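Reader: I am new to this structure. Please show me how to read its features one at a time.

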Amino acid sequence: MSVSSIATPAPTVTDSEEVRRTSSRPPASRRRRPRRRVVQPLVALALVVALLGVPFWMVVVTAGKDQAEAFSPNLALPTDWQLFENIATVFGDGRMVPAFFGSLLVMVPSVLGVLLLGSMASWVLARRSSRVMAIVYALAISGIVLPPAVVTIVLLLRQIGLAGTALGMIGVYMGMYLSTVVFFVTGFVRTIPVELEEAARVDGAGPVRVFVRIILPLLGPTLATATILICLYVWNDVFYALFVIGGRLDTLPLNLYQVASSGLYLQNWHLIFAYIIVMSLPLLVTFMVMQRKIISGITSGAVK
Amino acid sequence: MTAPITARRTAVPALRSGTAPRRPGGRRQDHPAWFIVPALAVLVVFFFVPTVFNFVYAFTNWSSFSSQISFVGVDNFTSLFANGALVSGLRVTLVYAVLVAVFQNVFGLILALVLEADTRVNRFARVAFFVPVVMSALAVGYIFQALLKPDGALNAVLSAVTGTEVTTAWLGSTSWTIVVVALIHAWKWMGLSMLIYLAGLKTIDQDVLEASRLDGASWWQTFRTIRFPLLAPAVTFNVATSLLGSMNGFDVVQATTEGGPGGTTELLNIFIFRTFGQGLFAQATTMSLMLFVMVAVLAFPLIRFLRKREDVL
């Protein structure tokens, strides 16, 4: 991952031009191709069925069973489908509606916050080049690698009166993911010609105006990639949430943890899996709708 | 991931070329420093101060049992070392991270090679393999806990295939369960590695491959001598993210084994969560500090090594 990688997005996975080129191969390799054309899709489908089909099939059929049948999860169909009854149960017992809004309450401000503060800082960090700025930049991106001090975060939040609050959780997530945004955006800003800014400046625009009108619109694709990654992490996080807001605020992963840990000796697999299905749907639907954008966004940032 | 190296590389040339032709005063006003202040404030309060606290409270007796916090020197370190928790925590975390990095990259690369051609089936399979990446790691852990039970679905499938009754307790072995949980972690993230490798494969110049094909190179020769070396940037990214990410792992292991059997899968984060729950805050802080030190010590040489490898190749 280098600065130039962000400037020139790698071709997307679904680039059809490559296919046309490879299909005009020299005759030497053409002899083997008919066999490969049959075998390769079969291998691909076999991998999907074995590695993904089996686990997901088990989740769906078990979520449709009653407690006795789901006691030992297997691949058999339920004798009597009651998926919707189970989903209704977890909506109540797992407090899914408050959990959904709790997750949103934490995720949306965190993501918007890191995007705004991160791109503001990145713009200046990319444009100014003093020793101090280089140090600030190095410190700002160190969080990509270094793990957050999860225990003392709780202590600090208690001292400043934010323990167990959504605001405290938002602050923790922002502190964790600002580095990612700063890293992505600074690399990108360096590829934007300064002349673009200067043109606006000659027309009398101040720094805020230049940032909002010139820089921010250009950051779109980079910020989209960062948004996807951070949403993924924050929406699914349970570790930091357990420390900061566990027991005080509902989020989807926290409530899943509670549902799964509550049956001490007898795990209610039908409810756990019904919960997992409902909980995964928002991100899955988003992913299915935007898969092309998401996939090309993630890959363009990673490879030179 | 590779940020610190990149930072140094790009900052130095910019220092010379950027400022020289312009008046420094004008430049400063154009990019006011106060734009950095809000981000820096959040970073300082929620990231740097807790990290500094880590270095302080690891040397205290902070717990839920005493109202006063006082310094106790290196007592936490010696007691954690004496009861074996320190060494075993570091070892388990490191073994787990290495296993995850190996499995995730091998699976991701194999998937990328199998699904490389742009056919309809492959496009579907790529999207399918990305589904676990989008899912919660905790949910993935619970799914596999059910799947791997002695009377679970995996043993049922294996029994049907082999014709004999299989009742392996996949999550019950003190020596092999760590491999199984690392496989689960790799299963969850292999779709991401696959995508990165696919993108890397796409960037390889078709003319080079054409030339090797005309020279009569086999698929394996082409892969080993041309394509894999040219994948170096993708390898750097994937190895660094999987290794460092899994050192910070928690969800999958908590959902499958909770650190068991016999503490053989107790990652540092699992230990931290458990001792924190017991009110032993100073011990949890000490382990958190050890995690920080381990990642810091390993991350920078690792990234430098991977970067150097890219240059050589």
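Author: What follows goes from the chain as a whole to a helix, a core, the contact between chains and one residue.
Author: This is a predicted model, in which local features need pLDDT of at least 70 and side-chain atom pairs count only at pLDDT 80 or more, while totals for chains, interfaces and linings use all residues. Residues are numbered from 1 along each chain as its sequence is written, and chains are lettered from A and ligands numbered from 1 in the order in which they are written.

Reader: How many helices and strands are there in chain A?
Author: Helices (H or I, at least four residues) and strands (E, at least two) are DSSP runs, numbered from the N terminus. Chain A has 17 helices and zero strands.

Reader: What percentage of chain A do buried residues make up?
Author: A residue is buried if 20 or more other C-beta atoms lie within 10 Å of its own, exposed if 12 or fewer, and partly exposed in between, with C-beta atoms placed from the backbone. Of the 304 residues in chain A, 48% are buried.

Reader: Which residues of helix α8 of chain A are buried?
Author: An α-helix has 3.6 residues a turn, so residues three or four places apart point the same way. In α8 (residues 131-141) of chain A, the buried residues are A:Met133, A:Val136, A:Tyr137, A:Ala140 and A:Ile141. They line one face of α8(A), because they fall within an arc of 120° seen down its axis; the arc is that of the directions from the helix axis to the C-beta atoms. A:Arg131, A:Val132 and A:Ile135, on the other side of α8(A), are exposed.

Reader: Where does the largest nonpolar core lie?
Author: A nonpolar core is a set of buried Ala, Val, Leu, Ile, Met, Phe, Trp, Tyr and Cys residues joined through C-beta atoms within 7 Å. The largest has 185 residues, and A:Val244 and A:Leu256 are among those that touch the most other members. Helix α9 (residues 177-202) of chain B gives the most to this core, with 17 residues. The core lies between domain 1 (16-93) and domain 2 (96-262) of chain A, because both give residues to it; the domain bounds come from an automatic or database domain assignment.

Reader: How many residues does each chain bring to the contact?
Author: Two residues are in contact if their C-beta atoms, placed from the backbone, lie within 7 Å. Chain A and chain B bring 93 residues each. On the chain A side, helix α4 (residues 33-63) gives the most, with 12 residues.

Reader: Is A:Tyr257 buried or exposed?
Author: A:Tyr257 is buried, because 21 other C-beta atoms lie within 10 Å. A:Tyr257 is in helix α15 (residues 252-262) of chain A. Not counting residues up to four places away in sequence, A:Tyr257 touches A:Val238 and B:Leu138.
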